[in-house]
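Q: Please take a close look at one part of this protein, a single open sheet, and describe how that sheet is put together and how it relates to the rest of the chain.

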Amino acid sequence: MNNTLVMKTRFVFSALLSVVASASFTQNLLRNPSFEDVPNGSLGQGVLPNDWYQASILEPGADTYSEDGTYGLFPEEFGNFTVGTTAFTGNRFVAGWSLDPGESMGQTLSKQLKPRARYRVSAWLHDSTRAFQLDDGGYDVYLTDGILSEYIGHLYATGGGTDAWQFSEFVFRAPQIVTSLSEIVFQPVSLGAQTAYFGLDDVSLTLQIQSIGPRR
Ligand SMILES: [Ca+2]
C-alpha cells in the first residue's frame, strides 16, 4: 500500500469513527418516544402505548390520546384538551394527572446508563384547559429499581390557557447507583394550588458526555 493510499484509508476510517460516535450521542435511548405504537384498539382512560407502563397506584392511570380516536381517548374527551388539539408529532400523545401520588408512567431501559456520564432528557408538553387542572407543572423524572428512586430532573411548562406544545429539557449526571436503576419514570406534578395535566410527546433521553468528574 503506498503512502497516499494509507492516508486516504486512515482518513476514511477516522471519518467513519466520528459518524459512529455522533450517532451514539444522538440516539434516543427511549423506545416508542412519540407514543405511536399501540398494542390494540382499546378505548377509554388508563391505557398506554407499547413499551410504557402505569407506574402509579392511582386509577385509572395515565392516558393515551389519539387524534383519530383509534386508541385511548380523543383529545377533547372529558374536556382535557380543546377540540382540534393535535399530537406534537404523529397521531398520539400521553398525559398523566398530578393528583397525589400522580398518574406516573414508566419504561424499562433497554440499555443500562453509565455512571458519571451526562445525559439529556427532553420532551414537548401540552397544557390542559380543563377547569381544575390549570396549574403550571409537568413531570418530575426519576430513575428507579422499583424501591429506590433517584430524582434526575424535571420537565415543566406553563399551564392554563397556553393551549400549545411547549418544549422542556434538562441535563443530568448519572449517579453511581445508576447501574442498578433500570426504570425511568415520569411523575406528573403541579406547581400550583390545584392540579396539572400535561400532554407529553416526543420524549428523548440521549447521552451527552461519556464520563465526567470524580466518582461519588
Ligand atoms: Ca406522538
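A: What follows goes from the whole protein to the sheet and then to its strands and the core. The model is predicted, so local features are given only at pLDDT of at least 70 and side-chain atom pairs count only at pLDDT 80 or more, while totals for chains, interfaces and linings use all residues. Residues are numbered from 1 along each chain as its sequence is written.

The secondary structure comes to one helix and ten strands, where helices (H or I, at least four residues) and strands (E, at least two) are DSSP runs numbered from the N terminus. Along the sequence the pattern reads α-β-β-β-β-β-β-β-β-β-β.

The sheet in question is open and has five strands in the order β2-β3-β10-β5-β8, with antiparallel pairing; two strands count as paired if DSSP finds at least two bridges between them. Its edge strands, each pairing on one side only, are β2 (63-66) and β8 (165-173). From one strand to the next the twist averages 35 degrees, with axes taken as lines fitted to C-alpha atoms and angles running from 0 to 180 degrees between N-to-C directions.

At the β2 edge, β2 and β3 pair in the antiparallel sense over four bridges, and D63 stands opposite A95 in β3. D63 and Y65 point one way from β2, T64 and S66 point the other way, and all are buried, a residue being buried if 20 or more other C-beta atoms, placed from the backbone, lie within 10 Å of its own. Elsewhere in the sheet, β5 (residues 118-126) and β10 (residues 197-209) pair in the antiparallel sense over eight bridges, and the bridge partner of R120 in β10 is T206.

The sheet also takes part in the largest nonpolar core, which has 44 residues, those with the most contacts inside it being V94, A95, V141 and L200; such a core is a set of buried Ala, Val, Leu, Ile, Met, Phe, Trp, Tyr and Cys residues joined through C-beta atoms within 7 Å. Strands that each supply at least two residues of this core include β3 (92-97), β5, β8 and β10, and also β6 (137-144), β7 (149-157) and β9 (183-190). Leaving aside neighbours within four places in sequence, V94 is in contact with F35, L48, P49, A62, D63, T64, M105 and L200, contact meaning that the C-beta atoms, placed from the backbone, lie within 7 Å.

Strands β6, β7 and β9 belong to another open sheet, with the order β1-β4-β9-β6-β7 and antiparallel pairing.

Terms used. Buried ≥ 20, exposed ≤ 12 C-beta atoms within 10 Å, placed from the backbone. Contact = placed C-beta atoms within 7 Å.
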